[in-house]
Amino acid sequence: MRTLTVQTPSHQYPIFIGHKLIEQADTLLQPYLGKKAAIITNETVAPLYLKQLQTALDRLDVPHFSIILPDGEEYKNWQTLNLIYDGLMQNRAERKTTLIALGGGVIGDMAGFAAATYQRGIPFIQIPTTLLSQVDSSVGGKTAINHPLGKNMIGAFYQPQVVLADLSTLNTLPDKEFSSGMAEVIKYALLGDADFLQWLEQNMPALMQRQPDILAEAVAHCCQMKSDIVAQDETEQNVRALLNLGHTFGHAIETEMGYGTWLHGEAVAAGMVLACRLSERLYQLPAGDTERVKALLRQAALPDAPPAFSFDRWLAHMRHDKKVHSGKMRFVTLPQLGRAKVETIDDMDLLREVLREYTDF
């Protein structure tokens, strides 16, 4: 097992990374549990891992109850969030009740938002069960739900007490979901670590085969990169914005296509290609670098192009993005692979040119 530490202005917490950690949850989580626990999970994860976690809590004699939600990005909304509040109130959860998020990014985001807002804040624990949530969404305290007009528009920054990333859960992850998570892994290489990019190119076949040691190395590297960034900028005032590489375009794709139609990682993958296209025009990023990125995405069974829809629809979605500042759209761009920069773009002709190939007139 590897242990990393996230240090933020609000508090410090560990990330445990290893295999079969849910079976050891009684030992690993004991210092972070309150007098009672509420497990938030979904219909897919519950049959696989809920019993293991319940057994671990039983060994500690910690009273607990479970709230099982429908599975899917399309349920990341107010209606489903209210199911969490209903369960907490029906089971008389108090401020010393610890909420445990057992699932992927949707569960982690919603459970974290519920924890941030129930009785003005209760402690919560992240047990991410997807690659995407283990390398990205479970770390750093971003919590949110979607709105029909924009993804993750309603939420809060609220840090967990601990993150327990059990790599064994990735063995039951569908291939499509595993690839979706790999988009976030690739993102870290593009935005800040050219050596990691080269490592990914060499090791992608082993990663896609889920070889344990290689997978552990990738997850730990991404978590370390994110924890270093979050330590510098907890609430995304400056450097943390770089973690949104591909996301302005990607969120537009998710919103246009309908939440859950394109998985988050699939949309981010296509968004990173568009970020490369934008960077070609801004900094003369070589077209060969864009092709290099596309080749790596294909190795990870990810799309290397977005769906086509009208330019007006692209703009409408991107203008609703939470990264808009003073009415102007902001994009994470790549002066070179392994180095990212945030740019404010108000040149519609430039964006039209970037999106021309992917615009349905």
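A polar contact here is a pair of N or O atoms within 3.5 Å; within protein, one of the two must be able to donate a hydrogen and the other to accept it, and residues adjacent in sequence count only if both atoms are side-chain atoms. One such pair involves Asn77, whose side chain reaches the backbone nitrogen of Gln79 at 3.3 Å. The model is a predicted one, in which local features need pLDDT of at least 70 and side-chain atom pairs count only at pLDDT 80 or more, while totals for chains, interfaces and linings use all residues. Residues are numbered from 1 along each chain as its sequence is written, and side-chain values use heavy atoms, with hydrogens and water left out.

Asn77 sits in the loop between β4 (64–69) and α3 (78–90); helices (H or I, at least four residues) and strands (E, at least two) are DSSP runs, numbered from the N terminus. Its relative accessible area is 19%, so Asn77 is buried (buried means under 20% relative accessible area, exposed over 50%, and partly exposed in between, with a 1.4 Å probe and protein chains only). Setting aside neighbours within four places in sequence, Asn77 is in contact with Met110, Ile145 and Asn146, where contact means heavy atoms within 4.5 Å.

Next comes Thr143, a residue of strand β7 (residues 142–147). With a relative accessible area of 5%, Thr143 is buried too. A polar atom of its side chain lies 2.8 Å from the backbone oxygen of Ala156. Ala156 is also among the contacts of Thr143 beyond four places in sequence, together with Asp109, Gly112, Phe113, Ile154, Gly155 and Tyr158. As for distance, Thr143 and Thr255 are 112 residues apart in sequence and 18 Å apart in space, C-alpha to C-alpha.

Ile107 belongs to helix α4 (residues 105–117). It counts as buried because its relative accessibility is 2%. Outside the four places on either side in sequence, Ile107 is in contact with Ile40, Thr41, Asn42, Leu69, Ala101, Leu102 and Gly112. The C-alpha atoms of Ile107 and Pro70 are separated by 9.8 Å, with their positions 37 residues apart along the chain.

The loop between α8 (212–232) and α9 (247–257) holds Glu236. Glu236 counts as buried because its relative accessibility is 17%. Its side chain is joined to that of Lys142 by a polar contact of 2.4 Å. Lys142 also appears in the list of residues that Glu236 touches, along with Phe157, Ala241, Asn244 and Lys323, not counting residues up to four places away in sequence. The backbone of Glu236 is worth a look as well: phi is near 55°, a positive value in a residue other than glycine. Most residues other than glycine have a negative phi. Val239 is found in the loop between α8 and α9 as well, but at 22% relative accessibility Val239 counts as partly exposed. Val239 touches Ile229, Gln232 and Asp233, again not counting residues up to four places away. The C-alpha atoms of Val239 and Ile229, ten residues apart along the chain, are 6.8 Å from each other.

A positive phi turns up at Ala301 too, near 60°. Ala301 lies in the loop between α11 (287–299) and α12 (311–319), and counts as exposed because its relative accessibility is 51%.

Now for the core. A nonpolar core is a set of buried Ala, Val, Leu, Ile, Met, Phe, Trp, Tyr and Cys residues joined through side-chain atoms within 4.5 Å. The largest one has 79 residues, of which Ile17, Leu131, Met182, Ile186, Leu190, Trp314 and Met318 touch the most other members. Helix α8 supplies the largest share of this core, eleven residues. In soluble globular proteins, nonpolar side chains tend to be buried together. Ile186 touches Leu200, Met204, Met272, Leu296, Leu297, Ala300 and Leu302, leaving out residues up to four places away in sequence.

Helix α8 also packs against α7 (residues 194–208), at an angle of about 145° and with the axes 10 Å apart; axes are lines fitted to C-alpha atoms, for helices over the stretch in contact, and angles run from 0 to 180 degrees between N-to-C directions. On the α7 side the contact is made by Phe196, Trp199, Asn203, Ala206 and Leu207, and on the α8 side by Ile214, Leu215, Glu217, Ala218, His221 and Cys222.
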